[in-house]
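Welcome, and please open your viewer. We will go from one selection to the next and look at what is there.

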Amino acid sequence: MEIFSSDPRKVRNVGLMAHIDAGKTTVTERILFFTGKSHRIGEVHDGKATMDWMVQEQERGITITSAATTTYWKGYRINIIDTPGHVDFTAEVERSLRVLDGTVALFCAVGGVQPQSETVWRQAEKYRVPRIAFVNKMDRAGADFEAVVEEIRRELGGNAVPITIPIGAESNFKGIIDIVEMKAIYYDDTESGAVMRIEEIPKDVLEKAREAERILIERISEQDDLLMEKFIDGIQPERDEVVKAMRQATIDGRIIPVLCGSALRNKGIRRLLDAIVDFLPSPLDLPPVIGTNDETGVEILRQPSDDAPLAALAFKVQTDKHTGKLTYVRVYSGILKAGEVVYNSTRQKLQRVGRIFEMHANKRYAIDELHAGDVGAVIGLSDTQTGDTICKQDEPIILESIEFPAPVIDVAIAPETRADSDRLGRALNKLAEEDPTFIAKTDPETGEVIISGMGELHLDIITDRLRREFGVGVSVGKPQVAYRETIIGSVDHSYKHVKQTGGHGQYAHVCIHVEPSPPRSGFQFENKVTGGRIPREYIPAIERGIVDAMAEGPYAGYPMVDVRVVLVDGSAHEVDSSEQAFRICAAHAFKEACKKAGLELLEPIMRVEVTVHEEHVGAVTSNLCSKRGRILNVEAKGKTSVLTAHVPLAEMFGYASELRNLTSGRGEFTMHFEHYEAVPYSIAEAIVEARRKSRAN
């Protein structure tokens, strides 16, 4: 293994993100090959990609779980995370972006900006992650580099600036022109990769290259005063000046350098590696990480230095049948050492670090410590979950956790034998630990085990893993929509809970104000009781009682969302009041208040993008409208059209087969969760009635 210094300036924490089938895993495989990490090139299509190590990934040819690896290029340590492209596994992208310093956004030279491209781009903007773009598959029929660059500018709002342009396209794609160096790079196909030749730019593309150079210098000059002066005076800046200015503009998010190539043909990957080193930030280039003191709530800044107190974030938990629980961490400051005792400030628990590993997909290499800026995996943090902070007990800090979308689809599962029943609970707990967007619960009325996830593929993978990894036989029901409930109006309500039995009784009295809160705001609670009418020690119990009641709404038993509750007044008894009494009282008060305020059913609305040949646009549009869909946009791309619509998830089950029939097998679609929306009253009543009947049976 290569010896590596702990200089954070020589570290790059990089992710690859894109729409499904843009070539992320293939690009990663080429990076591993050209950096010497692997000695043969693994291919996705033959199920031998290094980073797609799960059985399900190899069979389906897709990435399901984010895989981490560490490699080296020209003296730099590059920690790479290859993330999934399918929207059902968006949690893997979300948690990866939370701990990355920079990312490579991949685009297919034919498909351009696609639905999941927009989703991951928005996620990167949310975490302010600097990006460079790589236009892959330049050898494919229909490849159009300039069109993709324009789409990045128009649809994603990125200031895309090409630093390489292609020589030829489709079957005639020969190589690239490096605009920074103003040299042509050709690639000769060989069994061991590609032989690279650097030559002068051919005359037939020289004018195009000069125009690209002019645009590059002009865009960079807009971001740098010194270069602007030279640009105005007609002075050609030095290469180092251009790289330095572009690096800073990329880190600030003001420029997106764009490269091109064909990963499958080994073209453009080494130039991409140079761009990762040149333009993406090291841990020292970014602002200090912000956290809070878990006792005082005071904001704390931690510099990315080994000398600073330890601050690390657990961003992924993985179950390993040989070693147990493996926790992936990003160290923001300080040093995490094997064998030391650390403090989980999120859960207020001391834990001992067992062993520390540098990861290479599902392989691992033991190391003694992780430095500031490093990414690695730890054994021994048994009580640590995704989003928890690891620090020193005498220097406590809580870092911002990771937000995950709520599941939108449910499926009932049942163990096939008594032995399976015993193993099922343990297996589901381990899977839920790994995946924050997967939830397993038991329906209290029917006794059914309900699993919830982000889509049909997500739950299909979960049930497949139950059978293969955990040896649990399960039968699976039909997918169901994860509906939610909320209130329509505002109401004030008072409730007394009085119960007298032998000895101490139960007494609690609350007056609450209940009102809708903004969409996606969840649950908000405020205490406005004054004068000690309700002792302070009972307030948390009141809040817990309301949360208990929200788990099963009074309309149809679905979880409630987007509600604000204000505790206005109440009273207590010196002897008969207790936390349990106030918890019960609050739950009853809340349910009665919701009924008075009025309730409505909410359903998940999906953003659906359908790509079809122009002759099928009418039929597809009509079909989506029949599913209560709203067409947002129809965009022509050559002889194909892309329809964008908002459609209720309840109407989209089995749509893949419908679309195949409508388009003679030539249409394709993607969808991801957009927001929750009220179900029309007549449909809502039918859903509620059907749920009541199923629970009664």
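Start by selecting Asp 420 and Arg 423, whose side chains form a salt bridge with N and O 2.9 Å apart. The model you are looking at is a predicted one. Both residues belong to helix α10 (residues 418-434), and because they are 3 residues apart there, about one helical turn separates them. Now colour by accessibility, if your viewer can do that. Asp 420 counts as buried, at 6% relative accessibility, whereas Arg 423 is partly exposed at 31%.

Why can such side chains pair at all? Side chains of opposite charge can do so when their charged atoms come close. How many salt bridges does a search of the whole structure find? The search finds 39, and a few of them make good next stops.

Select Asp 388 and Arg 347 next. Their closest N and O atoms are 2.6 Å apart, in another salt bridge. This pair links distant parts of the chain, 41 residues apart: Asp 388 sits in the loop between β22 (375-379) and β23, and Arg 347 in the loop between β17 (341-344) and β18 (349-352). Is Asp 388 buried or exposed? Asp 388 is buried, with a relative accessible area of 2%, while Arg 347 is partly exposed at 39%.

Move on to Glu 395 and Arg 302, where the side chains meet in a salt bridge of 4.0 Å, N to O. Here, too, distant parts of the chain are linked, with the two positions 93 residues apart: Glu 395 is in the loop between β23 (389-391) and β24 (398-399), and Arg 302 is in strand β13 (residues 299-302). Glu 395 is partly exposed, at 36% relative accessibility. Arg 302 is buried, at 5%.

Keep Arg 302 on screen and add Ser 333, since Arg 302 is one of the residues that Ser 333 contacts beyond its neighbours within four places in sequence. Others in that group include Gln 303, Ser 305, Leu 310 and Ala 372. Ser 333 lies in strand β15 (residues 324-333) and is buried, at 0% relative accessibility. Zoom in on its side chain: which backbone oxygen does the side chain of Ser 333 reach? That of Pro 309, at 2.6 Å. Pro 309 is also among the contacts of Ser 333, as are Ala 308 and Ala 311.

For the last stop, select Glu 181, Arg 239, Asp 240 and Asp 278 together. Salt bridges link these four residues in a network.

Key:
Residues are numbered from 1 along each chain as its sequence is written. This is a predicted model: local features need pLDDT of at least 70, side-chain atom pairs count only at pLDDT 80 or more; totals for chains, interfaces and linings use all residues. Side-chain values use heavy atoms; hydrogens and water are left out. Helices (H or I, at least four residues) and strands (E, at least two) are DSSP runs, numbered from the N terminus. Buried means under 20% relative accessible area, exposed over 50%, partly exposed in between (1.4 Å probe, protein chains only). A polar contact is a pair of N or O atoms within 3.5 Å; within protein, one must be able to donate a hydrogen and the other to accept it, and residues adjacent in sequence count only if both atoms are side-chain atoms. Contact means heavy atoms within 4.5 Å.
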